[in-house]
Amino acid sequence: MPSFSIEVAGEANPLTENLLVRSLTSAASSDQNQIQTGTKQLEQWEKSPGFYRHLQSAYLDDRLPLEIRYLAIIQLKNGIDKYWRKTALNAVSKEDKEIIRSRLLDSALNETDDRLALQNALLIAKIARSEYPNDWPDALSSVANVLRSQAPPLQLARALLVLLHIVKELSTGRLQRTRQNLQAATPEILHVLGTLYATSVSSWQSHLEEATMKQSLLAIKVLRRLIIHGYEHPNRDAAVASLWQLTQQHLATFMQYQEQQNPQTVLIDKHMVQLAKLHHEMAREHPAAFALLPNSIELVRSYWALVKSYGENFGSKEAVVSAVTSARIGLDGDADEDKPTMEKLALKGLLIIRACAKMVHNPAQTFKHRTPQDKEEKSKATELIKNELLTQPFVKEVMEIIVTRFFVFRASDLREWEEEPEEWEKREEGEGEDWEFSVRSCSEKLFLDLAINYKDLLVQPLLAVFYSVATPENENILFKDSVYTAIGLAAPVVQEQLDFDAFIRQVLAVEVEKQLPGYNIIRRRAAILLGQWIAVKISDDTRPTVYEIFQHLLDKQDSLNDQVVRVTAGRQFKTICDDWEFKVDHFMPYAETTLLRLMQLIEEVELTETKMALLDSISNAVVRLEHRIAPFAERIVNMLPSLWAASGDEHLMKQAILTILARLVNALKADGLPLHMLAYPIIRGAVEPGSETQVYLLDDAMDLWADVVVQTPTPASPELLAMVRYLYPIYELGSENLRKALEITASYILLAPEYMLAADRRIELFGALAGLLGSLRPDANGLVCNLLEMVIRSAEQLGAEGGALPVISDLVKSGIVEKLLKGLKGSWTAHCTTGPNRKEPPVDGIMETDYLSIIARIILASTHGFIQITDHFASDRSFTGAKGEQITDWLLEEWFSHFENVGDPSRRKLMCLALTQLLETNRHFILVRLQSLMTVWTDVITELRDSAEETTGDSLVYSNGDQPTDGSMESPEDARRRQWTYSDAVHTANLPAFVTRHLQQAIQAAGGLEIFQQEWLVNVDQDILAAFSAMGII
């Protein structure tokens, strides 16, 4: 029957427990409309008073269906993060908190459903982290009391679950107070829980009762966290020491159960893993305590015995040898495949040994205050580990076992190599990052630690083994691969004793050519080995052999170069290119074939991550080859569109494509112009407002855009110029995007000044820059000021004063000039204040220098334009001083005052030129400051002289002879910037001659020297006048 009910707007529904249950029912239904309605109503109520109290009531009502109760507890748990804190907006009221807390423990203890019990335990833990101990002082003790009592099995299990999650939450707290609260409660809980754990294990050891086993498993999980996070010095607590001994006994006992293959093996395995985690975490987090706890040295030796035992079956030798010799991988499993627990325990054993080595040779540094007892314990622990554990025989044995057992491939490795080559190669490549979770990767880390710290002990035995297998005649492939692995890892340690160049030429170059079953393993290892040694010690004479080996390993026509070999070589080729000693001339004979094979391999592989890695190798080659990449550029570029189309939503691949495009553009310089047409639509798609890919690709697209503009010769294409309008919205994004956008804008001004300064476009540019000026950090604000200087200079170069005046007028209309003057006026006002009433200047230091530099550029471009500005703002009272000072009065006072704070000689000369040019106005405001002007002249001209005797020298004037003659490696923008620099008045105007000319003009305008002296020079201090005259300027 159709329903004609009308859904009332959410906010019109008052919150009651019955209505809440109805909404939960709707949200938990299978009907999409009801789900949407119920969810929306719950969202609208979540800020309402009483909402979370009613949610708990719904969860507690066991008459309701399970799915409704589950949704209620999930909603309640999620709301804790948002609204439980007292400072949160719409926080849960104090009364509701008290009601919720009062019902938490009972609800947890009596919950029969495991899923609901888990969510309720997580809820309690979140609240405890927020409220224990201040607002909920008995959070831990109330649970401990349940464990003490003769509670029913269900309540005991639930109490352990709650305690586990509370301790988890408190132990992950970063605040010192949180850790201290946990440490204060730990001894009491440890006593109760330790007794419960010991009793439970004793109980189930005879008949393996599942419920009791689960109980002891929960107990050891809590104990593990309490011992590690509940004590600063666990070794000083007798209860911990006693429990520590018990865990060692239990681990040995549980191992015997495992050998008997009991029906409850899974639970026993879980117990052993928890004990191993405790032992490892103690060694890692409390190294001194680990060493000083009872029998810890014997414990490590026991783990090492387990590691050795596991190593005997790590690879099924017969299966592997059979697979290698028959050139096919069978389906034989490994002996360890059915024993994942043994692998976990062996891994923990390796981690513990590594932690012990780190304790002795690389102890963690801390800023914590250490008492004399702490120092004594650390010293005692270090000596104990060094003398009792890490003895010479032990270290030698560890190295031998690692190299001979754990560096060797397993049959399953070789099977996966053949069945899923790409996946296997990717996993092997990435295992080093997750070394704590892989036996082989952890073994590599431990081996390197020992090789570095026991160099004198291990290098000679390692080299002896290496020399015994490193001959083309030795065909023990698996052992040879493991020894080569060790030599690769130990490259920095053995480089002085091993002639690796001879090994490459006499052994490796021969072995990679061998056509025997299983030699694909050696070929893969050769690529990795060369990648490890290239930056350590390979001579220039041997490098061509290295490049030839890589060219060969990438050859698909050779059947032993399977996909794993070729992909590994392709990845390692990046390291070869990255090397500091990479010489293009040595590589060029192999470049075409190597790059072509890499490109073919990219088309062959399927995984995006693999394609990206290979593309990265080509990208690095582009950087190193620079302009010599030109013969191969077209083929590289032709590969990119299909990769782009196939990448779909894989934005990392698109970023890699943008990166290689940018590198090609930079490498080819002006010759790369045909590439730019491919780049335009990609850039446009990433930078235009509203683009879906902007958030992922903007940074890389802007790098490419900047490179394209830099490498574009004049004249620029209409397509490139049309993209200018996309820059201004990027200004609003801020951060590094703003910096890059301003740099691109500067490049555009150099590339196409006429286009950028066209009336409509410059108004748009000024509008965008006006919003930025003064609102940024000084360094970013400096980029904006630099752009404005470039605009003024460009206008002057394009049309002299007639070209500059319209631009200056638009600067005034846009509000930029007003911002400059307001900032400078504010600084002048602030500098006039002293004492307690002193004001902070709005612009100061480098920022004020930037502002004054723009004013200087305006004056040099058009003195008339500057006078128009001062006249325009003269009527504005905000630009008049408190005593009626006009703009020119306070501006020049501030300018001369700031001059001594300007450190850059180029800036000082620029300002000196501008202030001198003001003499052309023959106005009172500049002539009355002749004394300040002469001080500036004397200082700056003296600075720029090469010697005191030289009267006309100016070290900032560049001659054509200063320009570089070889422009073959120069980008088009480099040439433009050089020309821009050499045409600047700072580098073309001779300052002494400039001052002489303008001073003579001022004297003539006054009516001659006598009148000039009477009217203006008479006001100049005689010492300042004498110092200026002594320079022989006039």
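Is Phe587 buried or exposed, and what is its relative accessible area? In this predicted model, Phe587 is buried, and its relative accessible area is 0%. The legends below start with the whole chain and then come back to this ring.

**Figure 1. The whole chain is built from helices, with 52 helices and zero strands.** Here's the overview before we zoom in. The C-alpha atoms fill a box of roughly 120 × 85 × 80 Å along the principal axes. The chain has a radius of gyration of 39 Å, while a compact globule of 1034 residues would have one near 31 Å. Buried residues account for 54% of the 1034 residues. Take the contacts between residues at least 6 apart in sequence: 76% of them join residues at least 24 apart. On the outside, the accessible surface is about 46400 Å², and 50% of that belongs to carbon and sulfur atoms.

**Figure 2. Phe587 pairs its ring with Phe573 and with Phe582.** The structure holds 27 aromatic pairs. In one of them, the ring centres of Phe573 and Phe587 are 5.5 Å apart and the planes make an angle of 40 degrees, so this pair is tilted. Phe573 sits in helix α28 (residues 563–578) and Phe587 in helix α29 (residues 584–604), so the pair ties together parts that are 14 residues apart in sequence. Phe582 and Phe587 also make a tilted pair, because their planes are at 50 degrees, with centres 5.6 Å apart. What about burial? Phe573 is buried at 1% relative accessible area, and Phe582 is buried at 7%.

**Figure 3. Other aromatic rings form a cluster or have a charge over them.** Look for Phe466, Tyr467, Tyr484, Phe500, Phe503 and Trp533: ring pairs link them into a cluster. Elsewhere, Arg115 lies over the face of Tyr70, 4.5 Å from the ring centre. Lys654 does something along these lines with Trp644, placing its charged end over the ring at 5.3 Å from the centre.

**Figure 4. Helix α27 (residues 543–553) is largely enclosed by the rest of the structure.** Why say "largely enclosed"? Nine of the eleven residues of α27 are buried, so that description fits. The buried ones are Arg543, Thr545, Val546, Tyr547, Ile549, Phe550, Gln551, His552 and Leu553. Their cover includes α25 (500–511), α26 (519–533), α28 and α29.

**Figure 5. Helix α48 (residues 972–982) has buried residues that include Trp980 and Tyr982.** Pro972, Glu973 and Arg976 are buried in this helix too. Which helices do the buried residues of α48 pack against? They pack against α34 (694–710), α37 (735–751), α40 (778–813) and α49 (985–988).

**Figure 6. The largest nonpolar core has 356 residues.** The residues with the most contacts inside this core are Leu193, Trp705, Tyr731, Tyr748 and Trp937. Zoom in on Leu193: leaving out neighbours within four places in sequence, Leu193 is in contact with Leu147, Leu160, Leu163, Ala219, Val222, Leu223 and Leu226. As a bit of background, nonpolar side chains tend to be buried together in soluble globular proteins.

**Figure 7. Two buried residues, Ile858 and His54, are shown with their contacts.** Ile858 lies in helix α42 (residues 846–861) and counts as buried at 1% relative accessibility. Setting aside neighbours within four places in sequence, Ile858 is in contact with Ile792, Ile808, Thr863, Phe866 and Ile869. For His54, go to helix α3 (residues 51–60). His54 is buried, with a relative accessible area of 13%, and, residues up to four places away not counted, touches Leu15, Glu17 and Leu20.

**Figure 8. Some loops hold cis peptide bonds or a positive phi.** Most residues other than glycine have a negative phi, and most peptide bonds are trans. Tyr132 and Pro133 are joined by a cis peptide bond with omega about 0 degrees, and Pro133 is in the loop between α6 (114–131) and α7 (139–148). The bond from Thr714 to Pro715 is cis as well, with omega near 0 degrees; Pro715 is in the loop between α34 and α35 (718–722). Now for phi: Asn90 has a positive value of about 60 degrees and is partly exposed, at 38% relative accessible area. Lys669 has a phi near 55 degrees, and at 18% relative accessibility Lys669 counts as buried.

How values were computed. Residues are numbered from 1 along each chain as its sequence is written. This is a predicted model: local features need pLDDT of at least 70, side-chain atom pairs count only at pLDDT 80 or more; totals for chains, interfaces and linings use all residues. Side-chain values use heavy atoms; hydrogens and water are left out. Rings of Phe, Tyr and Trp (its six-membered ring) pair if their centres lie within 6.5 Å; planes under 30 degrees apart count as stacked, over 60 as edge-to-face and the rest as tilted. Helices (H or I, at least four residues) and strands (E, at least two) are DSSP runs, numbered from the N terminus. Buried means under 20% relative accessible area, exposed over 50%, partly exposed in between (1.4 Å probe, protein chains only). A charge sits over a ring if NZ of Lys or CZ of Arg is within 6 Å of the ring centre and within 35 degrees of the ring normal. The radius of gyration is taken over C-alpha atoms; the globule rule is 2.2 Å times the number of residues to the power 0.38. Contact means heavy atoms within 4.5 Å. Accessible areas come from the Shrake-Rupley method with a 1.4 Å probe; for residues, only the protein chains shown count as cover. A nonpolar core is a set of buried Ala, Val, Leu, Ile, Met, Phe, Trp, Tyr and Cys residues joined through side-chain atoms within 4.5 Å.
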